[in-house]
Amino acid sequence: MSVERELKKILAYAGVAAGLSMFAVGANAAPNPNFHIYIAYGQSNMAGNGDIVPSEDQANPPKNFIMLASHNANASQRSGKTNQSIKTGEWYPAIPPMFHAFENLSPADYFGRAMVDSLPGVTVGIIPVAIGAVSIRAFDKDQYEAYFRGDGKDIMNWGWPKDYDNNPPGRILELAKKAKEVGVIKGFIFHQGESDGTDANWRKTVYKTYKDVIDALGLDENEVPFVAGELLQEGNNCCGSKNGGIAELKNNFKKFGLASSKGLKGNGKDPYHFGREGVIELGRRYVHEMLKLIDKTIDPDAPAVDLVDPSKSTVSDEPPEEYGPYTEAIAIPGKVQAENYNKGGADKAYMDLSKGNEGGKLRKNDVDIYQPNMGIVVGHCQATEWLKYTVNVAADGDYEISANVAGDNGTGSLVLYMDDKRIGTEIANEGKGFDNFTTVSGGKATLTKGEHELKLEITNDWIDIDYVEFKEISAQPPIGLKNIRLSMTEAESNYSVFDMQGIKLSSFTAKGMNEAMNLVRENAKLRKQARGVFFVRKNGDKSLTKKVVIHE
């Protein structure tokens, strides 16, 4: 670990009691949008009173579900492992009991499991802070001290608040600040009320415990919902009559959900607590409500969350590159070096099927850039991948295309587009090995002067590309045609002759298309220079074009 990071760690722990943020992520990192974090707080039912089945709950930690430890504890009662300790402010697998080692299964346990199942691609983190039997005042930053000196003195003597440095609201904020650096605070789940009346003053205090955290974190309460759970209703319970007051919390919050306790069974031991089945179902009902309220968008470009150290899976907070030339527009005629594709990021400047630069050279995005025995090349190219380049054509004209490529077989190939229009012919490697680059023809193209977008698209696996080159084709000397008059009469028109590539070979005058075609057939230079199929066109009228076959 670097000295700087170690110092930050020391300062972070030293600042816990003072309410300081515990860690800082690097300046160029932003929270991972697919890491959803929920604050779970309240009293004993939230802390966990359902029976734990070790083989079901502890032996197989749920995937993509972790917790941020809210206090130091021995791990043996959580996971069955000995000689381990849990440290405040570190991330751990969400193995019950999450809140205190002496407690049991919480609705937060199955809230997290069900949320992960409901949103593939998301990792869920829980901030667990709960104390059995406490009043809502224990979570109010302006009341907790007086409460623990007065009505909550017995609870203080039991030692539970000590786990949170006798400051439960401070610990929630402490952990939320750290969590917000690596993920997104998506919402709160809450279960409390057995120790209080659920009147207007209680509801006002519940809202305040939420709003204090929201404001301190700079969050928008229109985006961070609060879901409260009803109290036990079964049988001769203590508190079911208070559920009407809990439902009234909807008038205090901008985004509120109510997890019903209807039909949920108690533990059969006391009138306060849910049994295992009730705890699990209540957790799922929290999910049902939360999914109605949150933005469920998944970012496909975000990295997978590192479950041991989520700070390793944050994303860059630098603004995306503006689309455009890598350095400046590439001159044509000239070479287009494959590695000099445009800036602008994935799906704008390039599309690459594999994550990361497998060659590790020059640039840091997903395009695979290598340095074989002859320079920098783009390699590991797979069908459908593409690269874009900004080019500047010097003059209107016809250009010959070639590419310097390599491959182990002759199947790897590419094609070119200019402003989305296909140009030239398909270019394939000659199969002489990836260390043996050869120049392969890509046909010819007629280009217009000015700035254009060139796209290189891979049509078959595998081909390595050094560069694509455009060479201007020199103007052909006029071809003398037999019986062409030097001056026109009223009946004569201008005609041109083109080869199969569309390159103009000469212009002349003739009295009608038939005479023009005969003049081309009879021309000795054409028969000698380039026998084959030609096209004669009346100038100014593309529809008047005729094919001429010349034999030697």
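In this predicted model, Lys388 lies over the face of Trp386. The distance to the ring centre is 5.0 Å. A second charge is placed over a ring at Tyr341. Here the charged end of Arg363 sits 3.7 Å from the centre of the Tyr341 ring.

Rings also pair with one another. A search of the whole structure finds 19 aromatic pairs. One of them joins Tyr41 and Phe226. A pair of aromatic rings is described by the distance of the centres and the angle of the planes. For Tyr41 and Phe226, the centres are 6.4 Å apart and the planes meet at 75 degrees. The pair is edge-to-face, because its angle is over 60 degrees. It links distant parts of the chain. Tyr41 belongs to strand S2, residues 35-42. Phe226 belongs to strand S9, residues 226-229. The two residues are 185 positions apart in the chain.

Both rings come from buried residues. Tyr41 has a relative accessible area of 2%, and Phe226 has 0%. Buried means under 20%, so Tyr41 counts as buried and so does Phe226. Ring pairs also tie Tyr41 and Phe226 into a cluster. Its other members are Phe139, Phe188, Phe190, Trp202, Tyr207, Tyr210, Phe253 and Phe256.

Helix H9 covers residues 200-217. Its length can be checked. The helix has 18 residues, and at 1.5 Å a residue it should span 26 Å. The C-alpha atoms at its ends are 26 Å apart, so the two values agree. Several residues of H9 are buried, including Trp202, Arg203, Thr205, Val206 and Thr209. Tyr210, Val213, Ile214 and Leu217 are buried as well. The elements that cover these buried residues include strands S2, S8 (184-191) and S9. Helices H8 (168-182) and H10 (243-247) are also among them. Just after H9, Gly218 takes a positive phi of about 70 degrees.

The whole protein gives the wider setting. It has 13 helices and 27 strands. Of its 552 residues, 49% are buried. Among contacts with a separation of 6 or more, 70% are between residues 24 or more positions apart. The accessible surface comes to about 26,200 Å². Carbon and sulfur atoms hold 48% of that surface.

Note on methods: Residues are numbered from 1 along each chain as its sequence is written. This is a predicted model: local features need pLDDT of at least 70, side-chain atom pairs count only at pLDDT 80 or more; totals for chains, interfaces and linings use all residues. Side-chain values use heavy atoms; hydrogens and water are left out. Helices (H or I, at least four residues) and strands (E, at least two) are DSSP runs, numbered from the N terminus. Buried means under 20% relative accessible area, exposed over 50%, partly exposed in between (1.4 Å probe, protein chains only). Contact means heavy atoms within 4.5 Å. Accessible areas come from the Shrake-Rupley method with a 1.4 Å probe; for residues, only the protein chains shown count as cover. Rings of Phe, Tyr and Trp (its six-membered ring) pair if their centres lie within 6.5 Å; planes under 30 degrees apart count as stacked, over 60 as edge-to-face and the rest as tilted. A charge sits over a ring if NZ of Lys or CZ of Arg is within 6 Å of the ring centre and within 35 degrees of the ring normal. The expected span of a helix is 1.5 Å times one less than its number of residues.
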